[in-house]
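Visitor: Please give me a close look at the helix packing in this model. Then place it in the rest of the chain, with the cut-offs stated.

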Amino acid sequence: MDAPMVQGLPKLDRIDLRILAHLQKNGRMTNVDLAEAVGLSASPCLMRVKRLEKAGYIAGYGALIQLQKLGDTMTIFTEVTLSDHRSHDFQRFEARIRAVDEVMECHLVSGGYDYLLKFVTRGIQHYQDTIEVLLAQNIGIEKYFSYVVIKTVFAKQHYPLERFFAPPE
């Protein structure tokens, strides 16, 4: 029997959260291995996975690429402040920045600037060329500050779902 609906989405129980936790760490694991890991038989586990996919809790599956094996890259975090702060200024900036392949993340933040961007480029010159193109497009950037990543100590690819969302016992 399916869990009750909350805001149009099925309410997740501990087993659903375990399924999501395992799949985010290894999206290629077999249903049999997943079922064993979460304490279900294969058929109910597969039904839950399909329900989670249909409800949009699972957005997709993909491969994590080790960029350093392909060649040198550089990660740069960039603080961006817009010159104007009307709704259409944010919309214009976000629409344009979404189309920049080198921008891997874009976050609207509170504090001393408007956006925090994560760029991955071939190097400093590639980054500078990308920024100059953005500035020339007049998308409202007043100023920006760049922070070159010297070393990534770690970058987690999964969330502690059971810690964040486990229902009370």
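Guide: The helix packing comes first, and a few single residues follow.

This is a predicted model, so local features need pLDDT of at least 70 and side-chain atom pairs count only at pLDDT 80 or more, while totals for chains, interfaces and linings use all residues. Residues are numbered from 1 along each chain as its sequence is written, and side-chain values use heavy atoms, with hydrogens and water left out.

Confidence first. pLDDT is the predictor's confidence in each residue, from 0 to 100. The protein has a mean pLDDT of 92. A value of 70 or more is reached by 94% of its residues. Residues 1–6 stay under 50. For that stretch the model has eight contacts beyond four places in sequence; a contact means heavy atoms within 4.5 Å.

Now the helices. Helices (H or I, at least four residues) and strands (E, at least two) are DSSP runs, numbered from the N terminus. Axes are lines fitted to C-alpha atoms, for helices over the stretch in contact, and angles run from 0 to 180 degrees between N-to-C directions.

Start with α2 (residues 31–38) and α3 (residues 42–54). They pack at an angle of about 100 degrees. Their axes are 9 Å apart. The two helices are therefore roughly perpendicular to each other. The scale is this: under 35 degrees is roughly parallel, over 145 roughly antiparallel, 65 to 115 roughly perpendicular, and the rest oblique. From α2, the contact takes in Asn31, Val32, Leu34, Ala35 and Val38. From α3, these meet Ala42, Cys45, Leu46 and Val49. By class, that contact has eight nonpolar residues, one polar and no charged. The classes are fixed: Ala, Val, Leu, Ile, Met, Phe, Trp, Tyr, Cys and Pro are nonpolar, Asp, Glu, Lys and Arg are charged, and the others, Gly among them, are polar.

Helix α3 also meets α1 (residues 14–25). Here the axes come within 11 Å and cross at roughly 80 degrees. That makes α1 roughly perpendicular to α3. On the α1 side, Ile15, Asp16, Ile19, Leu20 and Leu23 make the contact. On the α3 side, Cys45, Arg48, Val49, Arg51 and Leu52 do. This contact divides into seven nonpolar residues, no polar and three charged. Cys45 and Val49 of α3 thus appear in the contact with α2 and in the contact with α1.

Leu12 leads into this region. Leu12 sits in the loop between β2 and α1. Its relative accessible area is 18%, so Leu12 is buried; buried means under 20%, exposed over 50%, partly exposed in between (1.4 Å probe, protein chains only). Leaving aside residues up to four places away in sequence, Leu12 touches Leu17, Leu20, Leu52, Tyr57 and Pro167. Leu20 of α1 and Leu52 of α3 also belong to the α1 and α3 contact. Leu12 has a far partner in sequence too. Phe165 is 153 residues away along the chain, yet the two C-alpha atoms are separated by 8.7 Å.

Step out to the domains. Domain bounds come from an automatic or database domain assignment. That assignment gives domain 1 (14–63) and domain 2 (67–148). Their C-alpha centres lie 35 Å apart.

Next, some residues numbered within 67–148. Asp89 is found in helix α5 (residues 87–98). At 3% relative accessibility, Asp89 is buried. Asp89 touches Leu82 and Asp84, not counting residues up to four places away in sequence. Glu105 is in strand β4 (residues 103–108). Glu105 is partly exposed at 33%. With the same sequence exclusion, Glu105 touches Leu116, Leu117 and Lys118.

Last, one backbone detail. Asn138 lies in the loop between α6 (124–136) and β6 (141–148). Asn138 is exposed, at 59% relative accessible area. Asn138 has a positive phi of about 50 degrees although it is not a glycine. Most residues other than glycine have a negative phi.
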